[in-house]
Amino acid sequence: MGGTTDSFGPDLVPVTDALGFLPYSNSPHHDAEEQRRPLIHRLIADGTLPDGYATENGTGLVYFGTELVDAFTEVEGKLAYSLTREGAVTRETALETRLL
């Protein structure tokens, strides 16, 4: 449903009107850009974005329909995460990634 981007300028901003193929928020480059993690956490915690997933550089996610079925990486040790709103905070849970 949305996420964060710096595609429209130098600042990282929320996107709340994505294509909507999946009912989740998305945070790419979760480990590579200092502002991404705190921003996506705030946007999920305050209800601007729905629960979602995050991927470190070199990782990806595979869905069957809208169900997450695989998390993979091309870089050993890199992770993907589930992001869920719990009250006024966002819980980040590491997902096991399969090395390609």
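## Exercises on a predicted fold

The protein has 1 helix and 9 strands. Keep in mind that this is a predicted model.

**Exercise 1.** Work out in what order the elements of the protein run from the N terminus on.

*Solution.* Start at the N terminus and walk along: the run is β-β-β-α-β-β-β-β-β-β. The helix in that string is H1, residues 36-45.

**Exercise 2.** Check how the radius of gyration of the protein fits that of a compact globule with 100 residues.

*Solution.* Step one: for 100 residues, the compact-globule value would be near 13 Å. Step two: the protein has 13 Å, so the two agree. Step three: for the extent along the principal axes, the C-alpha trace spans about 35 × 30 × 25 Å. To finish, look at who touches whom: among contacts with a separation of 6 or more, 51% are between residues 24 or more positions apart.

**Exercise 3.** Decide whether helix H1 is mostly covered or mostly uncovered, and find what its buried residues pack against.

*Solution.* First set the cut-off: buried means under 20% relative accessible area. By that rule, 34% of the 100 residues of the protein are buried. Now go to H1, where 7 of the 10 residues are buried, which makes the helix mostly covered. Those residues are Arg 36, Leu 39, Ile 40, His 41, Leu 43, Ile 44 and Ala 45. A handy reminder: an α-helix has 3.6 residues a turn, so residues three or four places apart point the same way. Next, list the partners: the buried residues of H1 pack against strands S1 (2-5), S2 (13-15), S3 (25-27), S4 (52-55), S7 (80-86) and S8 (89-95). Last, step off the end of the helix: Gly 47 follows H1 and has a positive phi, near 85°.

**Exercise 4.** Lay out the open sheet of 3 strands and say which strands stand at its edges.

*Solution.* Write down the strand order, S5-S6-S9, and note that the pairing is mixed. The edges are S5 (59-64) and S9 (98-99); each has a single partner strand, so one side of each lacks a neighbour in the sheet. Then zoom in on S5 and S6 (residues 67-73): they run antiparallel and are joined by 6 bridges. For one pair to click on, take Val 62, whose bridge partner in S6 is Asp 70.

**Exercise 5.** Describe the accessible surface and the charges of the protein.

*Solution.* Begin with the area: about 6000 Å² is accessible, and carbon and sulfur atoms hold 53% of that. Then count charges: there are 7 positive and 16 negative ones. Finally, compare where they sit on average: the two mean positions are 3 Å apart.

Key
Residues are numbered from 1 along each chain as its sequence is written. This is a predicted model: local features need pLDDT of at least 70, side-chain atom pairs count only at pLDDT 80 or more; totals for chains, interfaces and linings use all residues. Side-chain values use heavy atoms; hydrogens and water are left out. Helices (H or I, at least four residues) and strands (E, at least two) are DSSP runs, numbered from the N terminus. The radius of gyration is taken over C-alpha atoms; the globule rule is 2.2 Å times the number of residues to the power 0.38. Buried means under 20% relative accessible area, exposed over 50%, partly exposed in between (1.4 Å probe, protein chains only). Contact means heavy atoms within 4.5 Å. Accessible areas come from the Shrake-Rupley method with a 1.4 Å probe; for residues, only the protein chains shown count as cover. Lys and Arg count as positive and Asp and Glu as negative; His and the chain ends are not counted. The place of a charge is taken as NZ of Lys, CZ of Arg, CG of Asp or CD of Glu. Two strands pair if DSSP finds at least two bridges between them.
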